[in-house]
Amino acid sequence: MAKSYDLIIVGAGMVGALSAVLLAKSSLRIALVDKHNGEYRLSTPPEYDARVSAISSQSKSLLEKANVWQGISRDRIASYDNMVVWDGLGEGFIDFNAQATAMPELGHLVENAVLNQQLMAQVRRSANVDLYLGDTLESHELSESGVRVELTSGQVLEAQVIIAADGALSKLRTENAFETVEWDYGHHAIVATIEIAQSHQNTAWQSFGEEGILAFLPLPSVAQKHYVSIVWSVPPKEAELLMALDEQTFCRRLHYAMNKHFDVVGMTQDRQAIPLRQRHAKHYVKAGLALIGDAAHTIHPLAGQGANLGFGDVKALVEVLEKAHRRGESLGASKVLRRYQRARMLDNIAMAAGMEAFKRLFSTQQPLLVQLRNIGMTQFHRNTSLKRKLVARAAGLSSFS
Ligand SMILES: Cc1cc2nc3c(=O)[nH]c(=O)nc-3n(C[C@H](O)[C@H](O)[C@H](O)COP(=O)(O)OP(=O)(O)OC[C@H]3O[C@@H](n4cnc5c(N)ncnc54)[C@H](O)[C@@H]3O)c2cc1C
């Protein structure tokens, strides 16, 4: 016999789990399905999870509203109040400072495993969320009046709407023929935790140069030793070579790629390489179904905005569904779900376009363009008001729409 809910959320990653926690506050009955078992084992610092996320101020507020942020141990959060961006092919640089932009900090770095663990803990405390973990979507039927899902375990679920939070390779997106605009960035991102000899000064460092796009993101120090999480985006062939280097040579390459600014002591765990692809669904909704997070869009990690955009989707979708629920509208009705699409699409596209422009601008080594880019960076560096606007946008405190 089918179990009946208001909503079925497929995918309990950061975006799906946060949606479940926030929607459960409106006494909606929710089924949360994930093929993962929902257990996240944390390593002990200085062995940090190689995947970390820069969390914007708007995302932090949302995580606070969900009672998730409060549960994260302070020694797993690094706040940063400065950001320094260099052009490795010239003298151009920009620095952003929280004080100058009237913000307490520019953002926080948190390991993905820590966020996932706390989100799942909060999901488990939500009385009206039933978990279907280690289970996958087998088949589904959509309509304006209701949806029906069969899981691999044989369980059958019914609801008013399915939220697809099933990540970049979303089965719900592909099986429902959502068209996408997508292309390879021609980059793989190498991620790892690195020990550095000097303090990171609570600063996110980023270098754009011949060696690719390299970020040193601050992590909490342990026993007066300093750690950063790196995201090094390079063409696939270069990534293969870097992944094959022994630790000492890899660390030396890092030292040069970060303009010799830090002495790199070593790595605390293995490197991982992740292929990067830009993808954007042309529509986010159809009757009975809404795409959110990476299921709807993926962007280059150079500005650390992917999960923040996903959390922005969560905020908008929760507002739309809560309002529809209060008005007694069907949650899966196209006219309801289109309100969510309208609220998010422009912002998400603008961010994707910005990332592409940035990536292209800094990929060129053409001397004239490099010169222009350096002049542009210097001018931008001096323009406090423009910097303030960009920081507010990255923090999620202003939008393009
Ligand atoms: C190198 C790198 C660095 C990044 N840095 C940042 C950063 O600093 N800041 C930031 O904001 N973003 C960052 N991002 C982006 C961020 O990691 C993603 O946007 C975010 O993790 C997406 O979360 P999600 O919940 O949408 O998807 P996912 O995390 O992919 O979750 C999808 C979930 O769905 C489940 N699932 C999939 N298919 C099925 C199925 N058929 N049935 C059941 N369950 C299913 C999966 O098991 C998974 O749990 C970065 C990305 C990369 C690659």
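What follows is a chat between a trainee and a mentor about how the labels on this predicted model are earned.

Trainee: Let's start wide. How many helices and strands does the protein have?

Mentor: There are 10 helices and 22 strands. Of the 401 residues in the protein, 53% are buried. The exposed surface comes to about 17,700 Å², and carbon and sulfur atoms supply 51% of that.

Trainee: What share of the contacts with a separation of 6 or more comes from residues 24 or more positions apart?

Mentor: That share is 72%.

Trainee: Now A24. Why is A24 called buried?

Mentor: The cut-off for buried is under 20% relative accessible area. A24 has a relative accessible area of 10%, so A24 is buried. A24 sits in helix α1, and 11 of the 11 residues of that helix are buried. Among them are M14, G16, L18 and L22.

Trainee: Which residues is A24 in contact with, leaving aside neighbours within four places in sequence?

Mentor: I30, S126, N128 and V129. There's also a C-alpha to C-alpha distance of 7.8 Å between A24 and A127, which are 103 residues apart in sequence.

Trainee: On to R173. What makes R173 buried rather than exposed?

Mentor: Same kind of test: buried means under 20%. R173 has 5% relative accessibility, so R173 counts as buried. This arginine is in helix α4, and its contacts beyond four places in sequence include G167, F178, R279, L291 and D294.

Trainee: How do you know that the side chain of R173 makes a polar contact with the backbone oxygen of A168?

Mentor: A polar contact needs a pair of N or O atoms within 3.5 Å. The side chain of R173 reaches the backbone oxygen of A168 at 2.9 Å. R173 also has a C-alpha atom 8.8 Å from that of Y284, 111 residues away along the chain.

Trainee: Why is A177 called exposed?

Mentor: Exposed means over 50%, and A177 has a relative accessible area of 60%, so A177 is exposed. You'll find A177 in the loop between α4 and β14.

Trainee: And Q201, what makes it partly exposed?

Mentor: Partly exposed is the band between buried, under 20%, and exposed, over 50%. Q201 has 46% relative accessibility, so Q201 counts as partly exposed. Q201 lies in the loop between β14 and β15.

Trainee: What is the sign of phi at A177, and what is its value?

Mentor: Phi of A177 is positive, near 55°. Phi of Q201 is also near 55°, again a positive value in a residue other than glycine. Most residues other than glycine have a negative phi, and most peptide bonds are trans.

Trainee: Which residues are joined by a cis peptide bond?

Mentor: P45 and P46, with omega about 10°. P46 is in the loop between β3 and β4.

Trainee: How do you know that the span of helix α3 agrees with what its 14 residues should give?

Mentor: At 1.5 Å a residue, α3 (residues 112-125) should span 20 Å, and its end C-alpha atoms are 20 Å apart, so the two agree. Ten is the number to remember for burial here: 10 of the 14 residues of α3 are buried, including N112, L115, M120 and V123. Their cover includes α1, β3, β4, α2, β8 and β9.

Trainee: Last stop, the ligand. Which of the 28 residues around the ligand come nearest?

Mentor: D34, A54, D294, A307 and N308. The shell divides into 11 nonpolar, 10 polar and seven charged residues. At least two shell residues come from each of α1, β4, β14 and α7.

Trainee: What makes the backbone of G304 a polar partner of the ligand?

Mentor: The limit is within 3.5 Å, and a nitrogen atom of the ligand is 3.0 Å from a polar backbone atom of G304. A ligand nitrogen atom also comes 3.2 Å from a polar backbone atom of K35. For M14, a ligand oxygen atom is 3.4 Å from a polar backbone atom. Taken alone the ligand exposes 1,000 Å², and the protein buries 85% of that.

Note on methods:
Residues numbered from 1 in each chain as written. Predicted model: local features only at pLDDT ≥ 70, side-chain atom pairs only at ≥ 80, totals over all residues. Heavy atoms only, no water. Near = heavy atom within 4 Å. Polar contact = N/O pair within 3.5 Å; in protein donor to acceptor, adjacent residues only side chain to side chain. Areas by Shrake-Rupley, 256 points an atom, 1.4 Å probe, with all protein chains shown as cover. Helix = DSSP H or I, 4+ residues; strand = E, 2+ residues; numbered from the N terminus. Nonpolar A, V, L, I, M, F, W, Y, C, P; charged D, E, K, R; others polar. Buried < 20%, exposed > 50% of the residue type's maximum accessible area, 1.4 Å probe, protein only. Contact = heavy atoms within 4.5 Å. Expected span 1.5 Å × (residues − 1).
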